[in-house]
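Work through the exercises below with the model open. Try each task before you read its solution.

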Amino acid sequence: MTVDLSSLSTPGPTITQTTAPFWEAAQNGKLVFQYCKDCGESVLYPRKICPFCWSHNLIWKSASGKGELKSFSVVHKPGHPAWIPAAPFVVGLVQLFEGPTILSFIITEPRYSCSVGQKLELAPTNISGRVLPAFKPV
Amino acid sequence: MKAKKSYGSIVGIGELQPSRLTYGRTTLEMIAEVSKLAVLDAGLEPGHIDGLLVGPQVGETPQHVPATVCEYLGIKPKMANVVDLGGASAAGMVWRAAAAINAGMCEVVLCVLANIREEIPARSPNRNPIREFDVPFGASGANTSYALLMQAHMAKFGSTAEDFATIAMWARRNAQLNPSAIFYDKPAELEDILNSPMIASPLHLLEIVMPVAGGEAVIVVSAEFAKKLGKPTVHLLGAGEKITHRSVSQSPSLTSGPLKNAIANAFEQSKTQAKEMSLLSLYDCYTVLVAITIEDAGLCAPGEFGKWIRDKDLGHTGDMSLNTHGGQLGFGQPDLAGGMTHIVEAVRQLRGEADNRQIKDAMTALVTGNGATMSEATALVLGAEL
């Protein structure tokens, strides 16, 4: 990956009224998630009701930005053609310190030296002109 | 075998030879051709069909699929529906057909899936969570998702690239006995699989199904109706299903899937167990899914599929026969119909009509279907004449 990620023209998020606060925070270099005041579960991606207890009583919380790599893949043949200039690149499943898992882009230096269980931290990254909540090794 | 209950009978099968590309064909035409094969095989007339189960048809008929198919085929069923469970659609259809028959909705159900494949495939634009939260990070398509499952299995259990490649090797070996398979006459051994290009690590190219055009159909009737036909019949002895999530980030587990529950239900209902199956007809979009299914079926402990598979002969004369038609890894994946290849092959084996790859005294088969990212799961236990 030598390409400037901000110069890509990959598909961005299809933002809805409910999810807008998540993407607004992302644009400001932050990661937020929902917390259910009724059952105490943390929720990601954002929803209208809690998937654990169906309560509407969801509030936004800021994530610490700390997480752990549950799995990863070095993508050599991207599923979407707009990603081809960036290949190979790493995507991973990041379990946040607060509980929920997010699929994200993993910044790796030296290249592709990832391991499952590795500690990660939030690394807001401009991809195709939008700041997304990517992660990098601590 | 102990006396078992039949929840429904498969009396007809149809299969189109898979091809890499189609030119100027339509899905409806392919559905018509394969449906005709299945009805002829059953010894029925088109007018007998009073139930229809079809799949979603991206790019051709997004809505009103059953009505469009009915009109084209000139049939007027009393029950019709779309089954939308990805790779589990076919197995899901058989169970639903039996349920509809047992509920008195209809008597003869045509379950059919087919697809064309053109150089520029039709895309279906999504506006849903997987599109919003996975695609912007570079994770489009199933390869990445299954790569994440495979990496997690390797990290948790120490399973190796060779363990996974062994599954693809057996698919290719078995495909050499199936002239219809896309990889017939194209053998690949362990080194070939491990030396094939890395697509999304740790997944190699030859651990991923090849998309093809094709079609598959089965006819499901009641056991009583089947008896009247006087033809070789395959019975549905048990089934199970489970749907848990859509995107891999939301998966309850990365190393075990909803097939665990579905298979357990199918064994419970059929009063059978994994080790007595004559055939394992396991959905194989990727090597890793077969690995997890072997473990979820209870054939070995979690994480030990590699040890289980090592030194086993998985051919039709082997210790445990797995996907004797070559699986989708050997046959090709005709989109949603790919899942039905596992049913059609099980029927052939249980009828004793599998020619040069016939399993001796085949009595029972476990058939699995899997959709999305290890999300949608259906399992069937099929049996030869009661």
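**Exercise 1. The end of a helix**

Find the residue with positive phi that follows α10(B).

Solution. Go to the end of α10(B). B:Gly298 follows this helix, and its phi is positive, near 85°. Helices here are DSSP runs of H or I with at least four residues, strands are runs of E with at least two, and both are numbered from the N terminus.

Before going on, note the ground rules. This is a predicted model: local features need pLDDT of at least 70, side-chain atom pairs count only at pLDDT 80 or more, and totals for chains, interfaces and linings use all residues. Residues are numbered from 1 along each chain as its sequence is written, while chains are lettered from A and ligands numbered from 1 in the order in which they are written.

**Exercise 2. Confidence**

State how confident the predictor is in chain B.

Solution. Use pLDDT, the predictor's confidence in each residue, from 0 to 100. Chain B averages 96, and 99% of its residues score at least 70. For the model, ipTM is 0.97 and pTM is 0.97.

**Exercise 3. Surroundings of α10(B)**

Decide whether α10(B) is largely enclosed or not, and list what its buried residues pack against.

Solution. Step one: apply the burial rule. A residue is buried if 20 or more other C-beta atoms lie within 10 Å of its own, exposed if 12 or fewer, and partly exposed in between; C-beta atoms are placed from the backbone. Step two: count. In α10(B), residues 287–296, 10 of the 10 residues are buried, so the helix is largely enclosed by the rest of the structure. Among them are B:Val288, B:Ile292, B:Glu295 and B:Asp296. Step three: look outward. The buried residues pack against α5, α6 (161–175), α9, α11 (305–309) and β11 of chain B. For the whole chain, 59% of the 386 residues count as buried.

**Exercise 4. Two sheets**

Give the strand order of the open sheet in each chain and name the edge strands.

Solution. Two strands pair if DSSP finds at least two bridges between them. Start with chain B. Its open sheet of 10 strands runs β3-β2-β4-β7-β1-β8-β12-β11-β9-β10, with mixed pairing. β3 (79–82) and β10 (321–322) of chain B each have a single partner strand, so one side of each lacks a neighbour in the sheet. Inside this sheet, β2 (51–54) and β4 (108–115) of chain B pair in the parallel sense over 3 bridges. There, B:Leu52 stands opposite B:Leu110.

Now take chain A. Its open sheet of 3 strands has the order β2-β1-β3, with antiparallel pairing. The edges are β2 (42–43) and β3 (58–62) of chain A, each with a single partner strand. β1 (32–36) and β2 of chain A pair over 2 bridges. A:Tyr35 stands opposite A:Ser42.

**Exercise 5. The interface**

Which element gives the largest share of the side of chain B that touches chain A?

Solution. Contact means that the C-beta atoms of two residues, placed from the backbone, lie within 7 Å. By this rule, 28 residues of chain B are in contact with 29 residues of chain A. α4 (129–133), α5 (142–157) and β5 (198–200) of chain B each supply at least two residues of the touching side. The largest share, 7 residues, comes from α5(B).
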